[in-house]
Amino acid sequence: MTDKLITIDLSESPYSNDMIHNRWHPDIPMVAKVKPGDDFVVECYDWTGGQIKNDDKAEDVRDVDLSQVHFLSGPIGVEGAEPGDLLVVDILDIGAFGDCEWGFNGFFSRNNGGGFLTDHFPEAQKSIWDFNGMFTSSRHIPGVEFAGLIHPGLIGCLPSKEMLSEWNKREAELFNTDPNRVPALATLPYADTAHMGRMSEDAAKVAAAEAARTVPPREHGGNCDIKDLSRGSKVYFPVYVDGAGLSVGDLHFSQGDGEITFCGAIEMAGWIHMRVNLVKGGMAKYGIKNPIFKPSPITPKYDDYLIFEGISVDEKGKQHYLDVHIAYRQACLNAIEYLKKFGYTGAQAYAILGTAPVQGHISGVVDIPNACATLWLPTDIFDFDLQPNASGPTKAITGSVDVPLAPDLGG
């Protein structure tokens, strides 16, 4: 029978669980040890640690304490793992808890987190998604149902002291180029809400002041939000400390490429079943400094798409040089405007792109001055015809169906 290495209680704060941490630091103690070839199950809080509720109000998204996130299960030590190795992680299975079959999607307030399209959606909003086996739908966004591709948004190994120092140096340099920017350019160490797992109180006070926040992806993996890391996928993580220190969390029921809503995907609590192995000296053997992976062989089968293009000309008409970020933003905005013609609000359309299995592609980066990015929207997830035709769009969505809205803090 597979061992359950880490268990959680959703009725209790993650701060009361010493097998949970919310910062990256090489000195965070391992909470369990496994051998190469072992498989095991780990339970995970949702990334906010239960701050978001299953209701029709968005004040919790507006007021969420982002200095706490992400809550991760681990670190797990792997016997024989040394710096320079590759930790091979097979994701065998993953799912929601049987008594908690729902998740959430939201947009953060510009003044508290922001997001990819925060200039267009500056206020906090939320949608709740109910799970029905492998499918999900939302009472806040009618006319849509799709199969989930459940995956961990965040998984990775502990950094070395040298790597942690490099992270802090480069991110502080970026932050200091515009320290008053809202949202901030980077999330720097913040000790007050750090949870350092089984580290002693005195050691934690020192380490928390330099421990890295979990928000961005980095060389060790981390918050990459890759929707194809689902059951059956295999990930090769660089090892930077003895024992590797594998941690995981931020589970998603479904997500569109880019996780563009930031409080993105359909966030959930749940469990993940993994197996670990080692490739000794694998970093040098294969020239790897960032993780590589093989995707899941089990993916939702959607064959018909509408594909929206975007180029590196921003909303004000300013030309940028081969800027893929702007090009993808334009593709998303074009898709949102299209969906609004069928009766969706802009917020509902934005939520669909963040949660449904849309594909994002970099389609061209050589044709100066415009990069071209594309967003692939599966048409089969809708219960009406989304194709353009001579008669014009059918108003498939009628009545009051706004995503719950809370006023933005600060006005």
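Where does Pro-183 lie? Select it and you land in the loop between α2 and α3 (201-208). You are looking at a predicted model, so let's take it stop by stop.

**Stop 1: Pro-183 and the largest pocket**

Stay on Pro-183 and bring up its backbone: the peptide bond that leads from Val-182 into Pro-183 is cis, with omega near -5 degrees. Now show the surface around it. The largest pocket holds about 1500 Å³ of space. Its lining is made of 40 residues, and those closest to the centre are Gly-113, Gly-115, Pro-183, Ala-184 and Phe-262. Colour by secondary structure next: α2 (161-175), β12 (217-218) and α5 are the elements that give two or more residues to this lining. Of these, α5 gives the most, with 3 residues. If you colour the lining of the largest pocket by class instead, expect 19 nonpolar, 11 polar and 10 charged residues.

**Stop 2: Phe-262 and Glu-259**

Phe-262, already met close to the pocket centre, deserves a selection of its own. You will find it in strand β16, with a positive phi of about 70 degrees although it is not a glycine. Phe-262 counts as partly exposed, because its relative accessibility is 26%.

Then step back to Glu-259, in the loop between β15 (244-252) and β16 (262-267). Here too phi is positive in a residue other than glycine, near 40 degrees. Glu-259 counts as buried, since its relative accessibility is 8%.

**Stop 3: the largest nonpolar core**

Hide the surface and select Leu-87, Leu-353, Leu-377 and Phe-382. Among the 74 residues of the largest nonpolar core, these touch the most other members. Helix α5 (residues 324-340) supplies the largest share of this core, 9 residues.

Zoom in on Leu-353 and show what surrounds it. Beyond its neighbours within four places in sequence, its contacts include Gly-256, Ile-260, Cys-332, Ala-335 and Ile-336. Leu-339, Val-358, Leu-375 and Leu-377 are also in contact with Leu-353.

For a second, separate core, select Trp-47, Val-61, Leu-66 and Phe-108, which are included in its 19 residues.

**Stop 4: the cysteines**

How many disulfides does the model have? The count comes to 0. Try Cys-157: the nearest cysteine sulfur, that of Cys-224, is 12 Å away. Cys-157 counts as buried because its relative accessibility is 0%. Cys-332, the residue you saw touching Leu-353, is likewise in no disulfide, and the nearest cysteine sulfur, belonging to Cys-372, is 13 Å away. With a relative accessible area of 0%, Cys-332 is buried.

**Stop 5: the second largest pocket**

Bring the surface back and centre on Gly-133, Met-134, Gly-148, Ile-150 and Arg-231. Out of 16 lining residues, these are the closest to the centre of the second largest pocket. The space here is about 270 Å³. By class, the lining comprises 9 nonpolar, 5 polar and 2 charged residues.

**Stop 6: Gln-319 and Pro-75**

Go next to Gln-319, in the loop between β19 (305-311) and α5. At 40% relative accessibility, Gln-319 counts as partly exposed. Leaving out residues up to four places away in sequence, Gln-319 touches Ser-312, Val-313, Pro-369 and Asn-370. Draw a distance from Gln-319 to Phe-342: the pair is 23 residues apart in sequence and 30 Å apart in space, C-alpha to C-alpha.

End at Pro-75, in strand β5 (residues 72-78). A cis peptide bond joins Gly-74 and Pro-75, with omega about -5 degrees.

How values were computed. Residues numbered from 1 in each chain as written. Predicted model: local features only at pLDDT ≥ 70, side-chain atom pairs only at ≥ 80, totals over all residues. Heavy atoms only, no water. Disulfide = S-S within 2.5 Å. Buried < 20%, exposed > 50% of the residue type's maximum accessible area, 1.4 Å probe, protein only. Core = buried A, V, L, I, M, F, W, Y, C linked by side-chain atoms within 4.5 Å. Helix = DSSP H or I, 4+ residues; strand = E, 2+ residues; numbered from the N terminus. Contact = heavy atoms within 4.5 Å. 1 Å grid on protein atoms, 1.4 Å probe; cavity = no way out; pocket = protein on both sides within 12 Å on 5 of 7 lines; lining within 4 Å. Points joined across faces, edges and corners; volume = space filled by probe spheres on them. Nonpolar A, V, L, I, M, F, W, Y, C, P; charged D, E, K, R; others polar.
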